[in-house]
Amino acid sequence: MNHDADQQHLVEANPGYASGQLAKALRTAHTHRDPDTRHRAREKSRAWRAVLAGMANGLLAIGSRTPVAGLPAWVTPEVVRGGFATGTPAAGGPLHPYETEVARQAGIPEDRRALFAYWLSEDGLSRLYDLLDSGRYEVTVPEEAALLTVAWLARAGETDAALELVEELAPFADRLRFTPPPADRPAPGADAVHRRTVDDAWHDLDRRRPSRAVETQREALAVWQPFGDELLAHWLETAEDGQGPTVLTRTPDDAWHERGAALLRRYRDLARRHTYCTKHLNPKQNLAILRGALEETVAGRPLDARRLGLLRHAVTSMVRRRGLPGSPELTALRREQAAQAALPSHHALAQLVLRRLSGLPQEEGVAEVEPLLTPVSEEEARETGLPAGAAIPRALRRPVEAALSAPLGTLVERGVVPSAEVLAELVPQLVAATTAQAYTEESLRTLAAAHYRAFRNRRSLLLLNLERQVRVEELPWVRAVAGRRSDTEAGEVSALALRQLGELAVQAFPGTILPNPLVRELSVLAREADLGAPLVEELAADIFMGTFTPKFLTAARIAAELLGGGSLYERYYAIDYGAVRNLAISEAGEAQTRTVRPRTSPAFAKLCAERARASSSRTRRESGSVAANGTVIEQAQILTTHNLATLVHRVGIAPATGWEDLARRGFDTVCRLTARVHGNPRPLATIKDAAYAWRQTLFHLSLCTPQEQERTLAWLSEEIDRRPGHVATRLAPALTGLRQVAEGGSAEEGEGRRLLGWSTGGHWMRAEPTPTR
């Protein structure tokens, strides 16, 4: 342990995690069969070695928002799994090809300091002005927006601001790139988003190779089954009439031998050209028995008793199973099999879709996907040999549909956005456009949106001691143009976007808590809108130190304003929201008397810890363990409703389908998650998610009218009877507790239980139940 100036205890990161990750990467790099996987593992091992070396020599302070010695917080660090910085700046490393080309054209040394000086020359600024006006650039890391900002300031006449920014950047000019790579076309419009690009879809389809199993089946149906029929028919010519399929009861003539020799020549040609299906090589297979006997007979060698017996058994079984060659039954079967074999392979259809994609802008989404997924046209059939009218199968449609560029709500409706986590990946595209609206000048607005998208790709650091991630407004080039923002307009636009995105997230995924990446994006809009809407992240139980920032108590006070006074939610979780509101008012008053803004809320932390101890009274409590930390964090989520109350009470979301619909769909998520507990050797993570979905369901139910609540409670009882027995048995205590609360009692009376996600002992949902029905 060490101490800061205020003698506060600081937690330091343990290198054990990094050592474990390095060992894992090295093992994969040396043992994995796939060369691409081995290459990625070697890159990971390089990064983890850098982490461990930096921690050992003091160049890295893992857990700090300035983890790399000598680099300010605004420099984007390279970050690996777990939030560990490697010590390498993301905007550093060797020159990129576009930088080398600029140096060559300008006739300057190929190093970053020379490039930095060139961009500040008259010729360099002129090129930056052209980039600003065209919008044909792509900011990949935030630093690449810095010199474009300098150019904008210089052209706007704000010379002092431009010079101040240059002075702040100059010490790092030899290490970091401060200009973006050029692009073929301007950035896409702000009204639509896409999950994948055309290029992503192209590579997904291009990686598809012919399926050996499918091609083997196709070859068996189209080649070897018909050839087997010909061999069978040839042998049946040697059977006496009326003797059934007993072959070689009649001596074959010369013409038979000639036709047999022709069949054998054709067999060798087929075997040379068709190599997927190899059953014909198995000496125990009927086709190989017939072919082997024919080779012996055509060569003039008589069949011994054993081979003759095998031949007659093979012919008899083939006739019994398939029917005689030329019979209506066998002819119909072969016609059906031929049609099946003629269906185009997924690989061939993928090549057609690739042709359709090749003419589109590769780094964008697709405004209309249906024209790319229509059946094979007559013209395409002539050009490719594919059958006209062949449909594009579902497996090939998915990569293209994922590239659909449309309003976010449309993507959710179509299933392109299947989860709140995927939603969080797309929201930065919209938030970038929304926050950029605060800038009145078009080229600056374009630059701000491009920069924000890059900033949101900045990976979060592992932070300890209540430090917070770097915010976009802390970056020097963003501060330099802050005076060009129209805060009034920005607030109105951000408030509208926040309400729309909040409604979309809650309505689309009513049984899922908002993931941290989405919380961070919504928090940006909340700050822009100035609504007093604190949004709180899900904290990590393994590094939790028992403290909460003041915004958690503020969020709990908002929940008290919405749900206090006896709501179903308040009574089920045994919350005294009146006391919570008084606690928040008292702490806010104390904070106003301090000269330094408090970093923590001791009163809220104490309340959560007390509630966690009370909730663990039936189980063994392990103070300081990850599970014990989890129980405290969960109580904070319960008290704050983990952002739902803030979104409703301060942001004003009102899902169009109504709270009753959300409660029912939330319960569906509870049931689906509970079903995954059955037979699961490690079910605790699933139980936690089920409890979180249950909490969401109770929140939605608490906002229903009394009539809707009564109707939904009755529906819950009916719905659980339609679920598997093990699901109904596991959820029975929670449903009993809810019914008891609705009737004025307590959730913990009798057989009722309060469903929580974390437990310091054996969770009551974990034991495999004996179904009662």
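This report walks through the overall form of a predicted model and then looks at several of its residues one by one.

## The chain as a whole

Let us start with the broad view. The chain is built with 32 helices and six strands. Its radius of gyration is 35 Å, well over the 28 Å that the globule rule gives for 773 residues, so the chain is more spread out than a compact globule. If you draw a box along the principal axes, the C-alpha atoms fill roughly 115 × 85 × 50 Å.

Burial and contacts add to this picture. Of the 773 residues, 47% count as buried. Among contacts between residues at least 6 apart in sequence, 71% join residues at least 24 apart.

## Surface and charge

The accessible surface of the chain comes to about 37200 Å². Carbon and sulfur atoms account for 51% of that surface.

For anyone thinking about electrostatics, the chain carries 96 positive and 95 negative side chains. The centres of these two sets lie 7 Å apart.

## The β3–β4 hairpin

Here is a piece of strand structure to find in the viewer. Strand β3 covers residues 77-80 and strand β4 covers residues 84-89. The two run antiparallel and are joined by three bridges. In this pairing, P77 stands opposite P89 in β4.

Together β3 and β4 form a hairpin, with three residues between them. One of the turn residues is G82, which has a positive phi of about 90 degrees.

## Positive phi outside glycine

Two residues are worth a look on a Ramachandran plot. L248 has a positive phi of about 60 degrees although it is not a glycine. L248 sits in the loop that connects α9 (212-236) with α10 (254-273). With a relative accessible area of 26%, L248 is partly exposed, because that value falls between the 20% and 50% limits.

D530 is also not a glycine, and its phi is positive at about 55 degrees. The loop between α22 (516-529) and α23 (550-563) is where D530 is found. Is D530 buried or exposed? Its relative accessible area is 66%, so D530 is exposed, the cut-off being over 50%.

## Another residue of the α9–α10 loop

R250 also belongs to the loop between α9 and α10. At 36% relative accessibility, R250 counts as partly exposed. Which residues does R250 touch, not counting those up to four places away in sequence? They are E237, T238, A239 and E240.

The distance from R250 to V493 gives a feel for the extent of the model. These two residues are 243 apart along the chain, and their C-alpha atoms are separated by 93 Å.

## A buried loop proline

P393 lies in the loop between α15 (378-384) and α16 (394-401). Its relative accessibility is 17%, so P393 counts as buried, given that the limit is under 20%.

Setting aside residues up to four places away in sequence, P393 touches H346 and L349. P393 and S345 are 48 residues apart along the chain, with 9.7 Å between their C-alpha atoms.

## Two buried helix residues

A663 is part of helix α29, which spans residues 659-675. With a relative accessible area of 1%, A663 is buried. Leaving out its neighbours within four places in sequence, A663 is in contact with T697, H700, L701 and T712. From A663 to H346 the C-alpha distance is 41 Å, with their positions 317 residues apart in sequence.

R695 lies in helix α30, residues 684-702. Is R695 buried or exposed? R695 counts as buried, at 3% relative accessibility. What surrounds this arginine? Not counting residues up to four places away in sequence, R695 touches I513, Y569, Y573, E634, Q637, I638 and H642. By contrast with these contacts, R695 and P171 are 51 Å apart in space, C-alpha to C-alpha, and 524 residues apart in sequence.

Note on methods: Residues are numbered from 1 along each chain as its sequence is written. This is a predicted model: local features need pLDDT of at least 70, side-chain atom pairs count only at pLDDT 80 or more; totals for chains, interfaces and linings use all residues. Side-chain values use heavy atoms; hydrogens and water are left out. Two strands pair if DSSP finds at least two bridges between them. Helices (H or I, at least four residues) and strands (E, at least two) are DSSP runs, numbered from the N terminus. The radius of gyration is taken over C-alpha atoms; the globule rule is 2.2 Å times the number of residues to the power 0.38. Buried means under 20% relative accessible area, exposed over 50%, partly exposed in between (1.4 Å probe, protein chains only). Contact means heavy atoms within 4.5 Å. Accessible areas come from the Shrake-Rupley method with a 1.4 Å probe; for residues, only the protein chains shown count as cover. Lys and Arg count as positive and Asp and Glu as negative; His and the chain ends are not counted. The place of a charge is taken as NZ of Lys, CZ of Arg, CG of Asp or CD of Glu.
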